[in-house]
There are 2 protein chains.
Amino acid sequence: MKEITSQQQRVLDCIQIYINKTGFPPTRADICKELGFKSPNSAETHLRALEKKGFISIESGASRGISIINNDRNSSINSDEYPIIGLVAAGSPTLAEENIMNTINCPESFFNSSFDYFLKVKGLSMKNAGIMEDDLIAVKKTSDIKNGDIVIARIDDEVTVKFFNKKSPKIVELEPANEDFENIVVNLEEEELHIEGKSVGLLRKN
Amino acid sequence: MKEITSQQQRVLDCIQIYINKTGFPPTRADICKELGFKSPNSAETHLRALEKKGFISIESGASRGISIINNDRNSSINSDEYPIIGLVAAGSPTLAEENIMNTINCPESFFNSSFDYFLKVKGLSMKNAGIMEDDLIAVKKTSDIKNGDIVIARIDDEVTVKFFNKKSPKIVELEPANEDFENIVVNLEEEELHIEGKSVGLLRKN
DNA sequence: TATTATACTGTACATATATTCAGTACTATT
DNA sequence: AATAGTACTGAATATATGTACAGTATAATA
């Protein structure tokens, strides 16, 4: 699979959004309208490029004959198989194979936002937020974090799940939801804080 | 919602199968080809009937503008659609249409056990068990209950989610997981206790 | 330097498609 | 007996749509 360009990604996203919204794929004209193109051939050439690269298939002659090819090898965006990663005290929750305990088949639009993997929770530091040991948190890899979000944070090799609270441009507090645990105060000038992502959902099996 | 006729059901199934196969809805001609009709108007009239009865929506003027309206009742094909039922204080959590708030597409083997519906939780009586307001509990309709199971219990018209604890052949205690709530002691000789099912999993969107 | 890929505008046209109209026939309901 | 719904055939047509052709421009590659 070749690389996708940013414009081609825009077109691909546009198709997916259109299908989600209407239930059927867009025409060339629909894509032009969504993305501001003035010629249907602009959409056409992008579609042919996406087809050539294997991202979509186009039924020749048929109207709205575009379908998105699910290729889970490529991005985690189109995949229905989501990995479960164990929250180990030391080390970043990477998608490296040795950290993947299992996978779960799950619709892409299962939670309100897309997500990248499930994190298996250790400990009870977020107990009062209803996050218990062995719960699976749906994690979206993003740096778009607001105060009050439940984030997966890493300081050096220590990974934790906490509430995010930016007190000042320099100070971030990571707040547990359990009276037995203390706030973690991070001075961004002294320590490196990595936000691996945020929680967009939770799954529990019992 | 009116009743569907057998021919209309065939057309509806045909549309669903076509979408599953190709990724986009069929044309009138496609439906004719699949079902052996000789005139596109045969498909057209069935489509209009299905639209009138609320099974599909048709985008006027658009080609392939058919989309199936999600109605879990009509799910011979989509066995992965589970209803969400609101936990109302009064009344049994039935699958009657008026109680279904929404549906979720979910693999059948998503939790460790099969289940029948999602129950949307009201209140915080199971807070310490990690069950928060608006969480969705995956409920399996069963009477195979052990002590310690989280059950959906009904006494008269009152429905609650609690831990199940059979103290004696006559006495069942329904125990909340929140110090602000009291145990419900049920004397089976005096009151009727209906166990609607038990929790086999939990889903939270945030 | 020539070639290829990307990224568009603009026009044109064959055909794919929705949709209407005119019929026929059967069934159930009022 | 009249009306409405179902279940079709068959033909006609406006328009929705895919797709080719003719350009322009930029960037990267061989």
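This passage describes how two helices of chain A pack together and how the protein meets DNA strands C and D in a predicted model. Residues are numbered from 1 along each chain as its sequence is written, and chains are lettered from A in the order in which they are written. Because the model is predicted, local features need pLDDT of at least 70 and side-chain atom pairs count only at pLDDT 80 or more, while totals for chains, interfaces and linings use all residues, and side-chain values use heavy atoms, with hydrogens and water left out.

In chain A, helix H2 (residues 28-35) packs against helix H3 (residues 40-52) at an angle of about 105°, with the two axes 8 Å apart; helices here are DSSP runs of H or I with at least four residues, numbered from the N terminus, and axes are lines fitted to C-alpha atoms over the stretch in contact, with angles running from 0 to 180 degrees between N-to-C directions. H2(A) is therefore roughly perpendicular to H3(A), a term that covers angles of 65 to 115 degrees. In this contact (heavy atoms within 4.5 Å), Arg28(A), Ile31(A) and Cys32(A) of H2(A) meet Pro40(A), Ala43(A), Glu44(A), Leu47(A) and Arg48(A) of H3(A). The side chains of Arg28(A) and Glu44(A) also form a salt bridge, at 2.7 Å from N to O, where a salt bridge is a side-chain nitrogen of Lys or Arg within 4 Å of a carboxyl oxygen of Asp or Glu. Since Arg28(A) lies in helix H2 and Glu44(A) in helix H3 of chain A, the pair ties together parts that are 16 residues apart in sequence.

Around DNA strand C there are 25 residues, of which Gln7(A), Ser39(A), Arg48(B), Gly61(B) and Arg64(B) come nearest; a residue is near a strand if one of its heavy atoms lies within 4 Å of it. A phosphate oxygen of strand C is 2.6 Å from an N or O atom in the side chain of Arg48(B), whereas a polar side-chain atom of Asn41(B) lies 3.1 Å from a base nitrogen of strand C.

DNA strand D likewise has 25 residues around it, and Arg48(A), Gly61(A), Arg64(A), Gln7(B) and Ser42(B) come nearest. A backbone N or O atom of Arg28(A), the residue of the salt bridge with Glu44(A), lies 3.1 Å from a phosphate oxygen of strand D. A base nitrogen of strand D is 2.7 Å from an N or O atom in the side chain of Ser39(B).

Notes
Helix = DSSP H or I, 4+ residues; strand = E, 2+ residues; numbered from the N terminus. Parallel < 35°, antiparallel > 145°, perpendicular 65-115°, else oblique. Polar contact = N/O pair within 3.5 Å; in protein donor to acceptor, adjacent residues only side chain to side chain.
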